[in-house]
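Trainee: I'd like to go through this one and ask how each label is earned. Can you hold the definitions up against the values for me?

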Amino acid sequence: MSKRIRVIVSGAGGRMGKEVVKLVLEDQELELVAAIDRSAKDMDAGRLVGLEEAGIAVTADLEAALASGDGDVLVDFTTPQSVYDNTVLAIKYGVRPVIGTTGFTPEQISELDKQCQERGIGGLIAPNFSIGAILMMKFAAQASKYFPHLEIIEYHGDQKLDAPSGTAIKTAEMISEMRSELRQGNPKEEETIEGARGGYYNGFRIHSVRLPGIFAQEEVIFGGYGQSLKIRHDSYERAGYMPGVKIGIQKVMQYTGLVYGFEHFIE
Ligand code: NAP
């Protein structure tokens, strides 16, 4: 009997999904049992990601793959429109969800937690699988206790729709849990060009840079008397999320209920 964790990937033809398929095919501890994607239907999953033939044809039928009983874990990188139903379906068939797709409401998360508990399986929703980004957030939150004056600058490609990024918002939230309320800067400050000081969050500012050629970067700058501290994380490519995805796949096999946020796995 195989001891490898059997993985189903949905959104296998997408930018993140392809990295996951590659990860699973190349990792000795994981086994790809199904790859789901509508546009790449019938292609060989190995060929889809530029590897040699894997002998697994991409299918569009997620429910059939889940119902087959062959999968231990579903990894989903699809769209906010489809991910909730995919997750409910996975739990129904006892397949542990590891979800990277963003866009869940707090109500959906608590409902999915309930379903995981009832089914007796683990699940994970992680809006950011990057270990470096999680560490940056944790270090920044810790530093804000001693350096409460700070600004966040995040950098992404120019086609990104939302600003600030989800990671910047999460960083701001984690900082706000540690740092006492403090409105920074000169109370008489005035912007002569609107937006020059960035977005306001709990007393500090968040700036969003959007330029072609950038993938994802964020820095938190702290200012103190006679000194400054910068904590910065740079992501260069999607493969950087995969060590986190693998940890997620392994962890969901070990507990019951839904964990929200990869930071809970980084002590
Ligand atoms: P993408 O390249 O657009 O891929 C999306 C995939 O979803 C495609 O394979 C698409 O294939 C599939 N899809 C679209 N509509 C679907 C539907 N209704 N039902 C089933 N499948 C559907 O997107 P991406 O850049 O890989 O990002 C995917 C998600 O991951 C986004 O929510 C993004 O924000 C998130 N993300 C998370 C992290 C993290 O660390 N957690 C990192 C990066 C991105 P077909 O339409 O051909 O089926």
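Mentor: Let's start with E219, which lies in strand β9, residues 216-224. Strands here are DSSP runs of E with at least two residues, helices are runs of H or I with at least four, and both are numbered from the N terminus. Keep in mind that this is a predicted model: local features need pLDDT of at least 70, side-chain atom pairs count only at pLDDT 80 or more, and totals for chains, interfaces and linings use all residues. Residues are numbered from 1 along each chain as its sequence is written, and side-chain values use heavy atoms, with hydrogens and water left out.

Trainee: Why does E219 count as buried?

Mentor: Buried means under 20% relative accessible area, exposed means over 50%, and partly exposed is in between (1.4 Å probe, protein chains only). E219 has 9% relative accessibility, so it counts as buried.

Trainee: And what does E219 touch?

Mentor: Contact means heavy atoms within 4.5 Å. Leaving out residues up to four places away in sequence, E219 touches E151, I152, I153, Y155, K230, I231 and R232.

Trainee: What makes E219 and Y155 a polar contact?

Mentor: The term asks for a pair of N or O atoms within 3.5 Å; within protein, one must be able to donate a hydrogen and the other to accept it, and residues adjacent in sequence count only if both atoms are side-chain atoms. The side chains of E219 and Y155 are joined at 3.0 Å, so the distance fits the 3.5 Å limit.

Trainee: Now the charged pairs. What makes K246 and D27 a salt bridge?

Mentor: A side-chain nitrogen of Lys or Arg has to be within 4 Å of a carboxyl oxygen of Asp or Glu. For K246 and D27 the closest N and O atoms are 2.9 Å apart, so the pair qualifies. K246 lies in helix α8 (242-251) and D27 in the loop between α1 (15-26) and β2 (30-36), so the pair ties together parts 219 residues apart in sequence. Both K246 and D27 are buried.

Trainee: What about E63 and K92, buried or exposed?

Mentor: First, their side chains meet in a salt bridge at 3.7 Å, N to O. E63 is in helix α3 (62-67) and K92 in helix α4 (80-92), so this pair links parts 29 residues apart in sequence. E63, at 32%, counts as partly exposed, while K92, at 52%, counts as exposed.

Trainee: Where do K114 and E111 lie?

Mentor: Both lie in helix α5 (106-119), three residues apart, about one turn of the helix. Their side chains form a salt bridge at 3.7 Å, N to O. K114 has 45% relative accessibility and so is partly exposed; E111, at 28%, is partly exposed too.

Trainee: How many salt bridges does the structure hold?

Mentor: The structure holds 15.

Trainee: Which domains is the chain divided into?

Mentor: Domain 1 is 5-125 + 238-265 and domain 2 is 131-235; such bounds come from an automatic or database domain assignment. Their C-alpha centres are 31 Å apart. Seven residues of domain 1 are in contact with five of domain 2.

Trainee: Which residues form the salt bridge of 3.2 Å?

Mentor: K170 and E263, whose closest N and O atoms are 3.2 Å apart. The count between the two domains is one salt bridge.
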